[in-house]
Amino acid sequence: MRDVELLARIGWHAPLPEKIDDSTVLNIEDVPEEIAEGLAHSPAAIVQCAACRRLCVRDEFVWKEKQLCAWDYHGQVFGRRGPWRNGPYEERHFETLPTCAYVAPPLLAEIAVEAVLVLTGIEEATARQAIDVVLAADAERPHLAVRTEGGFTVLREMPE
């Protein structure tokens, strides 16, 4: 406390850092792990979910021009009334795939959906071929391919 008083008396100041991370936080090891992880990411714009009014990150989950939170997006898009298909996709179907920041397995479990294939870091043409192989192998059950930030995720409805 005496150090702070001394700095105040001499009129010491420092510019605010442009980014808060472990190099700008004194005693980062005393900060809870979740907070330290949050500091590692750059700030994001926050908006209200169009369905439930929860706060969510802008443009992570947009469906029919509405900003949604992860819960409502998973429920609406990956739910029973979502754009499910049986059999392999045609080329035109890949142009209209649902797009989101990520797919959350705990939210999928709530709506009886499972992720059967996750593709990241490969060429799109190769990913499309892999998706078609999976969809052709199980053509009787409904599947849904989703475009994520890192690639694609293929979802399948769980048996009832």
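Which helix is Leu6 found in? Leu6 belongs to helix H1, which covers residues 2-10. Keep in mind as we go that this is a predicted model. Leu6 counts as partly exposed because its relative accessibility is 44%. Leu6 also helps make a nonpolar surface patch of about 420 Å², together with Leu7, Ile10 and Trp12.

Now for the cysteines. Searching the whole structure turns up 0 disulfides. Take Cys56, which is in no disulfide: the nearest cysteine sulfur belongs to Cys49 and sits 5.4 Å away. Cys56 counts as buried, since its relative accessible area is 9%. Then there's Cys69, whose closest cysteine sulfur is the one in Cys52, at 3.7 Å. Why is there no bond here? That distance is too far for one, because a disulfide calls for sulfur atoms within 2.5 Å. Cys69 is buried too, with a relative accessible area of 1%.

Last stop: strand S7, residues 151-157. This strand is mostly covered, with 7 of its 7 residues buried. On one side of the pairing list is S5 (residues 113-120), which runs antiparallel to S7 and is joined to it by 7 bridges. S6 (residues 143-147) also pairs with S7 in the antiparallel sense, this time over 5 bridges. S6 and S7 make a hairpin, with 3 residues between them.

Arg156 in S7 is a handy place to see both pairings. Glu114 stands opposite Arg156, and Arg156 is also the bridge partner of His143.

Terms used. Residues numbered from 1 in each chain as written. Predicted model: local features only at pLDDT ≥ 70, side-chain atom pairs only at ≥ 80, totals over all residues. Heavy atoms only, no water. Patch = residues over 30% accessible without salt bridge, like charges linked within 9 Å, V, L, I, M, F, W, Y side chains within 5 Å. Areas by Shrake-Rupley, 256 points an atom, 1.4 Å probe, with all protein chains shown as cover. Salt bridge = Lys/Arg side-chain N within 4 Å of Asp/Glu carboxyl O. Helix = DSSP H or I, 4+ residues; strand = E, 2+ residues; numbered from the N terminus. Buried < 20%, exposed > 50% of the residue type's maximum accessible area, 1.4 Å probe, protein only. Pairing = 2+ DSSP bridges.
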